[in-house]
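Me: I've got a model open on my screen and I'd like to learn how to read it. Could you walk me through a few features?

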Amino acid sequence: MDFSAVVLTETQQAFAAELRALLDEHLAGDPDARRRESSDDFDEGLYLALGRKGWLWPRWRREDGGAELDEVCIRILETELLNREAPVQGGAARLVWPAIEAFGNPGLAAELKPQVALGTARFTLGYSEPEGGSDIAGAKTQAVRDGDQWVINGQKMFTSNAQSANYTFLLTRTDPALPKHQGLTMFLVPLDSEGIERRPLATMGGWDNIIFYSDVRVSDRYRIGEVNNGWSVLRRPLDAEHHLGSQASKLADVSGGIHHMRYFEQSVQAAVRWALGAPAGDGSALISDPAFLAGIGRLLAEAEAGTVTPGPMGRVKGSDVAREGCEQLIDLVGPAAVLPYGAAGAISDGVIAFAHRQAQQTATAGGSVEVFRTMIAQNDLGLPRPDYPGRKGVTPSAPPAVRPSGRE
């Protein structure tokens with residue numbers, strides 16, 4: 001295996017320079033300050049600028065609005081956007097668009113594709129409901145046919161980035177009489193439709209959205225896939241979101257959880273810088289304390305394990321590393337670690353406290369770690385499907401007999 005540095009061609013170096021110049025133009029200032037000042041992690045100006053360059057869909061042909069970049073340039077693009085914490089939420093589009101092209105109305109797909117490439121058409125995922133939890137197939141939002149239109153009523157929550165999107169990829173129930181997975185239909189619903197109300201939802205990690213649908217009328221043109229076959233349509237974006245299947249490039253990240261560890265890794269670096277001047281019990285710098293160094297070493301080793309663990313297993317490992325690692329880091333550093341931004345003595349503007357708060361949502365965002373563990377058990381380990389109490393078709397077992405104690 002060749003671990004030598006990749007030597008960039010002149011074209012690749014020129015691309016990197018052009019990209020950094022564009023990011024410098026749009027991302028002046030401290031990314032932490034930007035995050036504190038705005039609850040909306042989206043910069044429309046930057047997103048549209050990337051679209052004009054063809055960099056939102058860099059593998060697409062130029063005539064389709066892409067840039068036809070090679071895999072090294074795409075990796076440079078992804079790395080720079082991540083390192084600069086560029087506020088461009090384009091993940092939903094990468095999940096939704098392949099399904100629209102495969103199952104949607106051809107005229108609708110042809111109409112939207114140039115807008116998707118430019119960044120003027122943006123998507124959000126309308127899956128989760130208040131009573132559904134991770135069981136999205138139990139959706140209760142109803143779509144009833146009325147001629148060549150559908151009337152939608154219901155409620156979705158955790159509709160991330162709906163405030164900056166103009167379409168939602170909506171999971172609805174169109175036949176309540178059919179089994180749970182067979183009565184579903186997918187729609188691409190314009191978010192400016194009459195009867196849609198968005199309310200911001202405060203969470204531990206920032207802000208999300210609740211969307212209410214009240215007699216929302218949608219043309220059948222916006223139906224994605226066959227009626228009552230929505231689960232088959234949804235499987236493709238779900239598999240992509242769950243990191244199932246092959247990677248788009250050999251240069252892509254191995255782990256499905258690498259992004260979950262971003263703020264944790266920043267916190268470890270901040271703790272090391274802080275320890276250079278923080279006193280230990282004997283008056284020396286904490287950085288020379290063997291116990292502190294051993295603890296930091298364990299955290300770095302766990303982060304590396306999270307980086308190289310593949311697919312769904314990496315998604316679970318990344319979340320575990322972020323949540324448990326932040327707790328262990330707080331134990332190593334002490335009370336200063338939990339001081340938030342603005343507090344006297346906060347480390348690096350409260351980065352550890354922020355990372356600890358953000359880490360909690362990694363266990364649920366994009367599918368809970370419990371769901372992923374079940375997927376790993378069935379798909380990778382070949383274990384049978386668990387029979388949870390209360391699941392349809394499962395007969396509750398009798399409680400164990402109580403053995404008499406011999407005492408009255």
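**Reading helix pairs, loops and a cavity**

Reply: Let's start with a helix pair: the axes of helix 5 and helix 7 (residues 230-241) cross at roughly 150° and come within 9 Å. Keep in mind that this is a predicted model.

Me: How do helix 5 and helix 7 run relative to one another, roughly parallel or roughly antiparallel?

Reply: Look at the angle between the N-to-C directions. Anything over 145 degrees counts as roughly antiparallel, so helix 5 is roughly antiparallel to helix 7. As for handedness, this crossing is right-handed.

Me: What about helix 10 and helix 11, at what angle do their axes cross?

Reply: The axes of helix 10 (residues 311-333) and helix 11 (residues 351-361) cross at roughly 155°, coming within 8 Å. That makes helix 10 roughly antiparallel to helix 11. Their crossing is left-handed.

Me: And which way do helix 8 and helix 9 cross, left-handed or right-handed?

Reply: Geometry to begin with: the axes of helix 8 (residues 262-275) and helix 9 (residues 290-308) come within 11 Å and cross at roughly 160°. Helix 8 is therefore roughly antiparallel to helix 9. The crossing of helix 8 with helix 9 is left-handed.

Me: Let me zoom out. How many helices and strands are there in the chain?

Reply: The chain has 12 helices and eight strands. Its C-alpha trace spans about 85 × 80 × 45 Å along the principal axes. Of the 408 residues in the chain, 42% are buried.

Me: Now backbone angles. Why would I look twice at a positive phi?

Reply: Because most residues other than glycine have a negative phi. Here, E85 has a phi near 50°, which is positive although the residue is not glycine. You'll find E85 in the loop between helix 4 (71-83) and helix 5 (91-103).

Me: Is E85 buried or exposed?

Reply: The cut-off for buried is under 20% relative accessible area. E85 comes in at 12% relative accessibility, so E85 counts as buried.

Me: Where does N161 lie, and what is its phi near?

Reply: N161 sits in the loop between strand 3 (149-157) and strand 4 (167-173). Its phi is near 65°, again a positive value in a residue other than glycine. With a relative accessible area of 22%, N161 is partly exposed.

Me: Let's do empty space. How do you find it, and how many cavities of 30 Å³ or more does the structure hold?

Reply: The general idea is that rolling a probe the size of a water molecule over the atoms shows where empty space is left. In this structure there is one cavity of 30 Å³ or more. The largest cavity has a volume of about 70 Å³.

Me: Which residues line the largest cavity?

Reply: The lining is F42, Y47, Q89, G90, A92, A93, R122, F123, N161, S164 and A165. So you meet N161 again there. By type, the lining divides into six nonpolar, four polar and one charged.

Me: One last residue, T362. Where is T362, and how far is it from R273 in space?

Reply: T362 is in the loop between helix 11 and helix 12 (369-380). A loop residue can still score low on accessibility: T362 has a relative accessible area of 7%, so T362 is buried. T362 and R273 are 26 Å apart in space, C-alpha to C-alpha, and 89 residues apart in sequence.

Terms used: Residues numbered from 1 in each chain as written. Predicted model: local features only at pLDDT ≥ 70, side-chain atom pairs only at ≥ 80, totals over all residues. Heavy atoms only, no water. Helix = DSSP H or I, 4+ residues; strand = E, 2+ residues; numbered from the N terminus. Buried < 20%, exposed > 50% of the residue type's maximum accessible area, 1.4 Å probe, protein only. 1 Å grid on protein atoms, 1.4 Å probe; cavity = no way out; pocket = protein on both sides within 12 Å on 5 of 7 lines; lining within 4 Å. Points joined across faces, edges and corners; volume = space filled by probe spheres on them. Nonpolar A, V, L, I, M, F, W, Y, C, P; charged D, E, K, R; others polar. Axes fitted to C-alpha atoms, helices over the stretch in contact; angles between N-to-C directions. Parallel < 35°, antiparallel > 145°, perpendicular 65-115°, else oblique. Left-handed = near helix turned anticlockwise from the far one by under 90°.
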